[in-house]
Amino acid sequence: MTIQAPQRPGGRPEPVTMNIVSAEEIGNDSEDRLHWVLLTTEDIETFEDCRSIIRFHELRWRIEEFHKAWKSGAGVERLRLQSPEALF
């Protein structure tokens, strides 16, 4: 699919062509079963290409959870990068 970018002060950016990967959990007949619709600019030719896109998305959630724990649990937001030592 092709997505048209919104108008910007400097003009309208070029449209972006995206590929769609749909992943649905099998073996779960409940209403809350997992169903992802992922948009990507990566080339998709094979099932393995699709699986790689899904894997990247799975890993992204781990990173998001890490950052959430780092900010709320470790209080890194309170430090506001005041000094290099504050990061350690």
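**Figure 1. Ser22 sits in strand β3 of the predicted model.** This view of a predicted model is centred on Ser22. With a relative accessibility of 52%, Ser22 counts as exposed, because the cut-off for that class is over 50%. Leaving aside residues up to four places away in sequence, Ser22 touches His35 and Trp36. The side chains of Ser22 and His35 are joined by a polar contact of 3.0 Å. Ser22 and Trp36 are separated by 14 residues in sequence, and their C-alpha atoms are 5.7 Å apart.

**Figure 2. Strands β3 and β4 run antiparallel.** Strand β3 covers residues 19-24 and is joined to β4 by six bridges. Strand β4 covers residues 35-40. One residue pair can be picked out here: Ile20 has Leu39 of β4 as its bridge partner.

**Figure 3. The side chains of β4 alternate between two faces.** In a regular strand, side chains point in turn to one face of the sheet and then to the other. In β4, Trp36, Leu38 and Thr40 point to one face and are buried. His35, Val37 and Leu39 point to the other face and are not buried.

**Figure 4. Thr40 is a buried residue of strand β4.** Why does Thr40 count as buried? Its relative accessibility is 10%, and buried means under 20%. A polar atom of the Thr40 side chain lies 3.0 Å from the backbone nitrogen of Glu42. With residues up to four places away in sequence not counted, Thr40 touches Met18, Asn19 and Ile53.

**Figure 5. Six residues make a nonpolar surface patch.** The patch has an area of about 510 Å² and is made by Met1, Ile3, Val16, Ile20, Val37 and Leu39. Met1 belongs to the segment before β1, a strand of residues 2-3. Two members of the patch, Val37 and Leu39, are on the face of β4 whose listed side chains are not buried. Another member, Ile20, is the bridge partner of Leu39.

**Figure 6. The whole chain, shown for orientation, has three helices and four strands.** Along the sequence these elements follow the pattern β-β-β-β-α-α-α. Of the 88 residues in the chain, 14% are buried. The chain has an accessible surface of about 7,700 Å², and carbon and sulfur atoms account for 54% of that surface. Among contacts with a separation of 6 or more, 16% are between residues 24 or more positions apart.

Conventions:
Residues numbered from 1 in each chain as written. Predicted model: local features only at pLDDT ≥ 70, side-chain atom pairs only at ≥ 80, totals over all residues. Heavy atoms only, no water. Patch = residues over 30% accessible without salt bridge, like charges linked within 9 Å, V, L, I, M, F, W, Y side chains within 5 Å. Areas by Shrake-Rupley, 256 points an atom, 1.4 Å probe, with all protein chains shown as cover. Salt bridge = Lys/Arg side-chain N within 4 Å of Asp/Glu carboxyl O. Buried < 20%, exposed > 50% of the residue type's maximum accessible area, 1.4 Å probe, protein only. Polar contact = N/O pair within 3.5 Å; in protein donor to acceptor, adjacent residues only side chain to side chain. Contact = heavy atoms within 4.5 Å. Pairing = 2+ DSSP bridges.
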